Amino acid sequence: MMMSAVTETTSPVAARDRLLRGLRVSIKHRGYRDTTISDIVGHARTSRRTFYEVFASKDDCFLALVDEMNHGMRELIARSLDPDAAWDVQVRAGVTAWVEAMAAEPELSVSWIRELPLLGAPARQAQRVAMQSFAELLMAITDTPQMRKAGVEPVTMATATILLGGLGELAAVAAEDGLAIQTIIEPAVDAALALLGPRGL
């Protein structure tokens, strides 16, 4: 009876937020592969009926959670940057913000990198959209008067893909090896400086 009342009185937006939080908690404890819809609704303290009113499947819920994660990471990176700072200071700040965001939820980060690609065409499209959005952020970061003055050119999609793919792999390997993801900050910064820096450096 209580579950039915929650379903009837909870707004779709609130229900969605609760279900995404429920999936987050379950991934932390069980991983995405072993998570069931029962786990999600249990952590969300709602019903399966509510789940299917919001999401078509567990994968659909995961895609929404990954999109939320990506959006939050882009906002965090943008807030971390001082456009008047030296180019290398900006790169370090952006990379550090990305790593810290990944480290905040390592289980979700590993699921995003390892399991999302296995979920078929919708997931691959979601990955492409996410990569495009991060690339556009990198393009904006590297296309400023301060960057041009330092000789830094706007990043290309190819360079953005290489950088983001490499950073993701570093983060996943660290987490899988039981290391804090923050341990990759220095090699990640070094790689980003090499890829994004002025030509000839």
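Before we start, one definition: helices are DSSP runs of H or I with at least four residues, strands are runs of E with at least two, and both are numbered from the N terminus. Axes are lines fitted to C-alpha atoms, for helices over the stretch in contact, and angles run from 0 to 180 degrees between N-to-C directions.

This is a predicted model, where local features need pLDDT of at least 70 and side-chain atom pairs count only at pLDDT 80 or more, while totals for chains, interfaces and linings use all residues. Residues are numbered from 1 along each chain as its sequence is written, and side-chain values use heavy atoms, with hydrogens and water left out.

**Exercise 1. Get your bearings: how many helices and strands does the protein chain have?**

Step 1. Count the elements: the protein chain has 11 helices and zero strands.

Step 2. Look at the extent: the C-alpha atoms fill a box of roughly 65 × 35 × 30 Å along the principal axes.

Step 3. Check burial, where buried means under 20% relative accessible area, exposed over 50% and partly exposed in between (1.4 Å probe, protein chains only). Of the 201 residues in the protein chain, 42% are buried.

Step 4. Now for contacts, meaning heavy atoms within 4.5 Å. Take those in the protein chain with a separation of 6 or more: residues 24 or more positions apart account for 69% of them.

**Exercise 2. Work out how helices α2 and α5 are placed: at what angle do their axes cross?**

Step 1. Find helix α2 (residues 12-34) and helix α5 (residues 58-80); their axes come within 10 Å and cross at roughly 100 degrees.

Step 2. Sort the angle: under 35 degrees is roughly parallel, over 145 roughly antiparallel, 65 to 115 roughly perpendicular, and the rest oblique. So α2 and α5 are roughly perpendicular to each other.

Step 3. See who touches whom: residues of α2 including R16, L19, L20 and Y32 meet residues of α5 including K58, F62, L65 and E68.

Step 4. Sort by class (Ala, Val, Leu, Ile, Met, Phe, Trp, Tyr, Cys and Pro are nonpolar; Asp, Glu, Lys and Arg charged; the others, Gly among them, polar). The contact of α2 with α5 has nine nonpolar, no polar and six charged residues.

**Exercise 3. Hunt for aromatic rings: how many aromatic pairs does the whole structure hold?**

Step 1. Use the rule: rings of Phe, Tyr and Trp (its six-membered ring) pair if their centres lie within 6.5 Å, and planes under 30 degrees apart are stacked, over 60 edge-to-face, the rest tilted. The search finds three pairs.

Step 2. Take Y32 and F62: their centres are 4.1 Å apart and their planes at 20 degrees, so this pair is stacked. Since Y32 lies in helix α2 and F62 in helix α5, the pair ties together parts 30 residues apart in sequence.

Step 3. Check burial here: Y32 is buried at 3% relative accessible area, and F62 is buried at 0%.

Step 4. Move to F51 and F55, a tilted pair with 5.8 Å centre to centre and 50 degrees between the planes. F51 and F55 are buried, and together with Y52 they form one aromatic cluster.

Step 5. Look for a charge over a ring (NZ of Lys or CZ of Arg within 6 Å of the ring centre and within 35 degrees of the ring normal). K58 lies over the face of Y32, at 4.3 Å from the ring centre.
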